[in-house]
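User: Could you walk me through how the strands and helices of this model fit together? I would like short answers that end on the value or name I ask for.

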Amino acid sequence: MSASPLDTLSTTITLRYFDLFARGPPIALALAHGGLDWVGVTCGGGSSSFDGWAELKSTLPWRCLPVVDIPGVGCVGQEIAILNVLGSMVPSLRGNTPAELAVSQQLICAAEDIYLKIMKYTGTRYSTTPCTAEELESFWTGSNPTAHNKRFGLRDHLGLLEQFAETMPPDVAGFTSSGCTVGECKMFHVLELVTRITGNAKTVAKYPRLLKFYTSFGELRPTKEVLEGGGQFPKALADYFKTLDVCRSEIKAEQVEA
């Protein structure tokens with residue numbers, strides 16, 4: 001007889017990722033808010049984020065991180081797949097009703113859309129800014145809501161999320177009754193990235209319902225533990241993306257050299 005996913009609640013889940021604030025934090029937030037027993041391991045387990053990476057990569061199902069090892073389930077890769085597996089284990093992470101499940105899943109997809117564009121239009125600690133000055137400003141400060149959604153600026157994405165949030169019950173700070181579904185974990189992560197990259201919360205503050213969610217979720221103890229100390233990782237996760245001001249300066253310097 002196969003074990004129920006709920007049987008894994010009494011076991012330790014291992015989350016393996018780099019010590020960077022990129023794709024690992026939404027999973028760490030879900031583990032923390034779900035009350036699951038977990039431990040975070042940095043890449044190969046050494047002192048550097050990339051210690052043992054070459055050896056580890058060849059053993060991973062999709063040759064990338066993050067992955068989680070769940071007793072009774074096995075090794076699971078791909079961030080969104082991991083979030084959904086965790087959601088299947090804990091009702092508050094999944095959504096307590098079919099309607100809340102639908103909300104959570106839409107938030108995951110909407111947050112992923114923004115994350116992919118952040119990657120496209122923002123430099124990282126390991127790479128230069130991968131776009132032109134015009135492209136940078138178009139995404140980070142522009143708005144083009146009538147264009148194809150692949151040309152949406154950040155404001156357009158956040159505007160749609162604000163409209164979505166306005167359809168939620170007014171007595172909840174988040175989007176669901178638990179306030180910590182996997183979709184909300186991933187959405188908070190994206191809003192936190194926006195705040196870190198822009199250098200302040202002014203962008204999010206333009207959207208009252210999103211700000212209410214971002215603020216209330218950020219004040220929860222499990223959230224603070226992940227943000228301030230890395231949760232069950234050995235240390236806090238370092239910023240992966242450069243700030244918007246650094247990206248602007250970087251592009252300007254490249255133009256001068258050219």
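Analyst: Happy to help, and one definition comes in handy at the start: axes are lines fitted to C-alpha atoms, for helices over the stretch in contact, and angles run from 0 to 180 degrees between N-to-C directions. Helices (H or I, at least four residues) and strands (E, at least two) are DSSP runs, numbered from the N terminus. This is a predicted model, where local features need pLDDT of at least 70 and side-chain atom pairs count only at pLDDT 80 or more, while totals for chains, interfaces and linings use all residues. Residues are numbered from 1 along each chain as its sequence is written, and side-chain values use heavy atoms, with hydrogens and water left out.

User: At what angle do the axes of α3 and α5 cross?

Analyst: Helix α3 covers residues 79-89 and helix α5 covers residues 98-120. Their axes come within 12 Å and cross at roughly 160°. Angles over 145 degrees count as roughly antiparallel (under 35 roughly parallel, 65 to 115 roughly perpendicular, the rest oblique). That makes α3, relative to α5, roughly antiparallel.

User: Which residues of α5 meet α3?

Analyst: Contact here means heavy atoms within 4.5 Å. On the α3 side the residues are Glu79, Ile80 and Asn84, and their counterparts in α5 are Gln105, Ile108 and Glu112.

User: How do the residues of that contact divide into nonpolar, polar and charged?

Analyst: Ala, Val, Leu, Ile, Met, Phe, Trp, Tyr, Cys and Pro count as nonpolar, Asp, Glu, Lys and Arg as charged, and the others, Gly among them, as polar. By that scheme, the contact of α3 with α5 splits into 2 nonpolar, 2 polar and 2 charged.

User: In what order do the 4 strands of the open sheet lie?

Analyst: Two strands pair if DSSP finds at least two bridges between them. Strands β1 (residues 13-17) and β3 run parallel, joined by 5 bridges, whereas β1 and β4 are antiparallel over 3 bridges. Strand β4 (residues 67-70) also pairs with strand β5 (residues 74-77), antiparallel over 4 bridges. The pairing is thus mixed, and the order is β3-β1-β4-β5.

User: Why is one side of β3 and of β5 left without a neighbour in the sheet?

Analyst: Each of these strands has a single partner strand, so one side of each lacks a neighbour. The reason is their place in the sheet: β3 and β5 stand at the edges.

User: Which residue of β4 is the bridge partner of Leu15?

Analyst: Leu15 has a bridge partner in β3 as well, namely Gly40. In β4, its partner is Val68.

User: How many residues of β1 are buried?

Analyst: Buried means under 20% relative accessible area, with exposed over 50% and partly exposed in between (1.4 Å probe, protein chains only). Ile13, Leu15 and Tyr17 point one way from β1, Thr14 and Arg16 the other way, and all are buried. The count is 5 of its 5 residues.

User: Which strands does α1 touch as it packs on the sheet?

Analyst: Helix α1 (residues 25-33) is mostly covered, with 9 of its 9 residues buried. Among them are Ile27, Leu29 and Leu31. The direction of α1 makes about 160° with that of β1, and the strands it touches are β1, β3 and β4.

User: In the hairpin of β4 and β5, which residue takes a positive phi?

Analyst: This hairpin has 3 residues between the strands. The bridge partner of Ile70 in β5 is Gly74. The residue with positive phi, near 90°, is Gly72.
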